[in-house]
Amino acid sequence: MRTDLAPPQPTRLADYQPPAFSIDTVRLEFALDPAATRVKATLGMRRTEDGPLVLDGTRLKTLSVALDGRPLSDTDYALTDTTLTLTDMPAAFTLETVVELDPSSNTALEGLYLSGGRFCTQCEPEGFRTITWFLDRPDVLSRYTVRIEAGTAFPHLLSNGNKIGEGALDGGRHFAEWEDPFPKPAYLFALVAGELDVLESAFTTMSGREVALRIFVDLGMSPRAEYAMDALKRSMRWDETAYGREYDLDLFMIVAVRDFNFGAMENKGLNIFNSSLLLADPETATDADYERIESVVAHEYFHNWTGDRITCRDWFQLCLKEGFTVYRDQGFSADMRGHAVQRIKDVRLLRARQFPEDDGPLAHPVRPASYLKIDNFYTATIYEKGAELIGVLRALVGEDAFKRGCDLYFTRFDGQAVTMEDFVSCFAEVSGLDLSQHFRWYEQPGTPTLNIDAVYDEAKQELALTLTQAGRSGAGPLPVPVKLGLLDGDGQPQLFSLPGANAPVDEATITLTDASLQLTLTGVERLPVLSALRGFSAPVKLVIDEPQKDAFVRLAADPDLFNRWEAGQDLARDLILRRAAGTPDEVAEERYAEALGRSLADPTADHAFKAVSLSLPSENELAQAVRPVDPQALHDARDALRGRLAVHLGPDLRALHGELQDAGEFSADASAAGRRALRNAALELMVADGTADSTDRATLHLQAALNMTDAMGGLNALSLVGGSAFDDALTAFYEKWQGEPQVIDKWFSVQARSPAADTLGRVLGLTLHPAFDAKNPNRFRALVQGFSSGNPLRFHEPDGAGHRFLTDQILRADAYNPLTASRLIEPLGQWARYTPALAQSMKDQLARIAAHPGVSKNSFELASRALEDAPG
Ligand code: TRP
Ligand code: ZN
């Protein structure tokens with residue numbers, strides 16, 4: 001570790017001070033040039049507190065500074081690597097700075113950079129300070145005008161707001177001028193310049209205003225933006241009906257870029273997207289891609305209110321915009337694609353990514369109290385758990401108060417930068433409830449455990465329930481809404497009465513607020529099967545000591561589809577863990593296979609639901625359920641169960657695979673996607689029988705595919721089989737798709753995820769492939785993260801070679817793109833769960849990162865925190 005250096009100083013929530021100056025107006029003038037761009041900033045400022053003016057700036061070449069039109073000499077101010085300080089400022093003044101930047105050498109993809117020959121920006125969270133001197137913090141809100149000058153080789157010159165002027169200049173140059181009437185923090189600033197195709201459309205808002213919609217993409221790609229455009233209009237309409245939120249500018253633009261560190265960015269009026277989350281057509285995009293595009297387009301659009309109009313006071317409040325916006329995009333997707341399946345997918349993601357984080361050394365509260373690099377807190381905890389906590393809040397205050405609380409929030413805080421306290425106070429006010437206990441959810445890390453103990457008294461027809469919660473040591477109890485219902489042994493819903501209520505119900509939400517709660521349900525006529533935590537009503541780990549037969553009843557008949565799916569997952573996990581422990585329960589495995597067969601035949605269930613029911617818990621999910629984890633044993637046990645299911649269900653799977661073949665025109669809608677999902681899930685399970693016939697089917701499936709969903713379904717099935725069938729398919733696939741970057745990303749990733757014994761060697765070879773470009777985050781992640789997160793079996797090779805490979809890649813990328821590199825550290829932080837040799841190997845690699853000369857602050861913070869023991 002870097003014990004020789006002074007430890008970097010954390011930023012703490014407790015130290016928050018309001019800014020000493022406001023910046024009411026900002027005028028930016030860009031003279032764009034790939035290697036030498038000039039930025040002149042004219043800031044209209046006012047002093048609001050005593051003290052010096054300290055502006056933020058990183059890697060800026062400062063050419064001049066002027067105060068109220070008077071040039072300053074370099075003795076009038078103090079410059080460091082990251083600050084520009086001026087003292088004795090008047091009450092109101094204009095500060096003008098001119099700096100020079102080199103976008104062409106910006107490989108970190110933060111600030112102003114070039115992607116595919118175009119200028120673009122990424123300012124959240126602290127990229128604006130790499131563009132100009134500024135108070136780069138979200139509570140400084142300013143009105144922007146922006147003038148962009150560039151050569152005519154850059155025909156489109158875009159920024160936030162409305163275009164107020166454009167024209168030709170001498171010397172083959174031209175300009176455009178933009179004005180954004182809405183005050184905004186610097187992190188929402190954006191600029192794009194270059195040659196682009198545009199897809200245009202329009203939207204009429206609920207009050208009858210016309211909004212021009214433009215999506216800018218690579219030349220020739222505008223047909224591939226049609227789906228995103230459609231998703232955008234549906235998002236705009238949905239926000240009006242679901243939240244009463246109308247769009248506010250006359251123009252809304254989205255630009256797709258190839259090189260981007262994240263999914264997309266909500267810059268006011270000018271969203272910038274990773275092109276993989278925007279461009280789609282049936283030939284090159286899978287249904288999963290369509291689904292993500294729909295949800296990310298919605299997410300970024302919804303930020304216009306939850307993020308842009310109302311923003312965060314400081315970065316500790318990140319969940320204010322992210323948790324709420326994820327909650328909103330999940331609601332949108334549920335309305336578009338079906339509530340049960342959407343909930344299942346959201347919870348699966350939460351468990352796969354957030355639960356491990358919350359259970360390891362990188363755990364942090366949804367509202368953290370300190371950080372070294374705020375970049376490191378764009379996590380599953382802030383986003384996904386943050387969204388769950390909005391759902392908990394809604395359950396606590398009720399539907400009606402939730403709606404009124406949102407309305408109050410939008411009117412009271414419009415145009416402001418606020419805190420989580422401000423947000424929660426709106427719901428306390430409208431509901432009359434004291435929500436201070438709910439606030440603990442935001443301050444305590446860790447996933448609580450919820451135990452439910454149930455005792456039935458047949459004579460009295462009573463069910464005595466004891467609910468107990470346990471969090472980290474020292475953490476107080478949280479409010480946990482538990483939605484539950486009862487079935488009987490035949491799966492019929494049973495009525496029951498809550499204490500003090502006389503009308504019997506078939507479902508109720510009980511909120512546990514103390515460490516434990518006892519209550520007795522009355523009027524329970526038959527021996528009950530408990531269906532608890534329906535719809536995953538709180539982000540907890542549920543522990544119920546139920547007889548295995550109860551899980552079979554729930555799997556067959558729970559009217560709550562989330563819990564029906566969950567019952568199947570519980571059973572499968574249990575069966576796999578028994579196999580991994582060397583004590584398989586073959587009788588239960590047969591019963592499980594039969595139950596799955598019956599649910600596949602259920603004519604009332606939809607295809608998408610059956611598809612998610614067919615897939616077993618992933619190896620990463622299984623790793624959450626045991627300690628120490630032996631990845632090989634888990635993989636083998638899961639494979640063995642898949643094999644049995646494939647043999648048992650073979651005829652059903654083959655029948656489904658035949659029946660569900662797409663006919664006619666491609667449709668991206670949810671029901672067509674559900675059909676394809678089930679057919680591909682059937683194929684994926686089928687090949688586990690190990691027969692040549694199944695392999696041939698997968699090969700044919702791929703060859704006959706008319707869309708990328710089916711092509712990837714086939715290739716994925718073959719990756720599980722391996723051997724020459726997989727190799728031949730890969731060769732043909734590459735030949736066919738080498739001109740399509742988004743498809744080639746999939747080609748890299750499917751190889752990285754293969755369970756074959758030679759996968760690490762293959763992955764190493766692929767880092768030398770001509771199409772591998774480590775500087776493109778999509779390509780880099782497809783291969784490296786595909787391997788480290790998508791292939792636990794090969795990543796955890798017993799000799800540690802997988803861990804070393806990941807670390808080599810992280811350190812290589814850290815030198816030019818710390819943001820993307822450091823995000824790959826997380827799986828190494830899981831070391832405490834693994835067998836001693838693997839744990840040691842993971843710790844060695846973390847130590848190597850932390851001690852690496854010149855390591856970025858991002859990677860240093862994550863690697864050193866990941867080395868700490870997880871709090872108990
Ligand atoms: N605010 C973006 C979103 O969630 C996330 C994001 C995009 C981001 N680019 C970033 C976060 C760069 C940190 C750094 O919609
Ligand atoms: Zn977001």
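**Exercise 1.** In this predicted model, work out which polar side-chain atom lies 2.5 Å from a nitrogen atom of ligand 1, and then follow the ligand's oxygen atoms.

*Solution.* Start with the nitrogen: the polar side-chain atom 2.5 Å away belongs to Glu-124. That fits inside the 3.5 Å cut-off for a polar contact. Next, take the oxygen side. Tyr-383 puts a side-chain N or O atom 2.6 Å from an oxygen atom of ligand 1. His-299 has a polar side-chain atom 3.4 Å from an oxygen atom of the ligand. Now for the cover: on its own, ligand 1 exposes 370 Å², and the protein buries 97% of that.

**Exercise 2.** Describe the shell around ligand 1: which residues come nearest, and which elements give two or more residues?

*Solution.* First, count: there are 15 residues around the ligand, and Glu-124, Ala-264, Glu-266, Glu-300 and Tyr-383 come nearest. Second, sort by class, which gives 7 nonpolar, 3 polar and 5 charged residues. Third, map onto the secondary structure: β20 (264–265), α2 (287–302) and α3 (318–337) each supply two or more residues.

**Exercise 3.** Find which residues coordinate the zinc ion (ligand 2), and say how its site is classed by its angles.

*Solution.* Begin with the donors. His-299 and His-303 each coordinate through NE2, and Glu-322 through OE atoms, at 1.9 to 2.8 Å. Along the sequence, these donor residues follow the spacing H-x3-H-x18-E. One pair bridges distant parts of the chain: His-303 sits in the loop between α2 and β22 (311–312), while Glu-322 is in helix α3, 19 residues apart. Both His-303 and Glu-322 are buried. Then check the angles: with 6 donor atoms and angles of 48 to 160 degrees, the site comes out irregular.

**Exercise 4.** Back to Glu-124: what kind of peptide bond joins Glu-124 and Pro-125, and where is Pro-628, which follows Arg-627 in a cis bond?

*Solution.* Look at omega: it's about -10 degrees between Glu-124 and Pro-125, a cis peptide bond. Pro-125 lies in the loop between β11 (118–122) and β12 (142–151). For Arg-627 to Pro-628, omega is near -10 degrees. Pro-628 is in the loop between α13 (619–623) and α14 (631–659).

**Exercise 5.** Asp-68 has a positive phi, and so does Leu-109. Is Leu-109 buried or exposed?

*Solution.* Take Asp-68 as a warm-up: phi is near 45 degrees, and the residue lies in the loop between β5 (61–67) and β6 (70–71). Asp-68 is partly exposed, because its relative accessible area is 46%. Now Leu-109: phi is about 60 degrees, in the loop between β9 (92–101) and β10 (111–115). With a relative accessible area of 5%, Leu-109 is buried.

Technical notes
Residues are numbered from 1 along each chain as its sequence is written. Chains are lettered from A and ligands numbered from 1 in the order in which they are written. This is a predicted model: local features need pLDDT of at least 70, side-chain atom pairs count only at pLDDT 80 or more; totals for chains, interfaces and linings use all residues. Side-chain values use heavy atoms; hydrogens and water are left out. A residue is near a molecule or strand if one of its heavy atoms lies within 4 Å of it. A polar contact is a pair of N or O atoms within 3.5 Å; within protein, one must be able to donate a hydrogen and the other to accept it, and residues adjacent in sequence count only if both atoms are side-chain atoms. Accessible areas come from the Shrake-Rupley method with a 1.4 Å probe; for residues, only the protein chains shown count as cover. Helices (H or I, at least four residues) and strands (E, at least two) are DSSP runs, numbered from the N terminus. Ala, Val, Leu, Ile, Met, Phe, Trp, Tyr, Cys and Pro count as nonpolar, Asp, Glu, Lys and Arg as charged, and the others, Gly among them, as polar. Donors are N, O and S atoms within 2.8 Å of the metal (3.2 Å for Na, K and Ca); water is not among the atoms, so sites may look incomplete. Four donors count as tetrahedral if all angles lie between 85 and 135 degrees; four count as square planar and six as octahedral if opposite donors are over 155 degrees apart and all others between 65 and 115; anything else is irregular. Buried means under 20% relative accessible area, exposed over 50%, partly exposed in between (1.4 Å probe, protein chains only).
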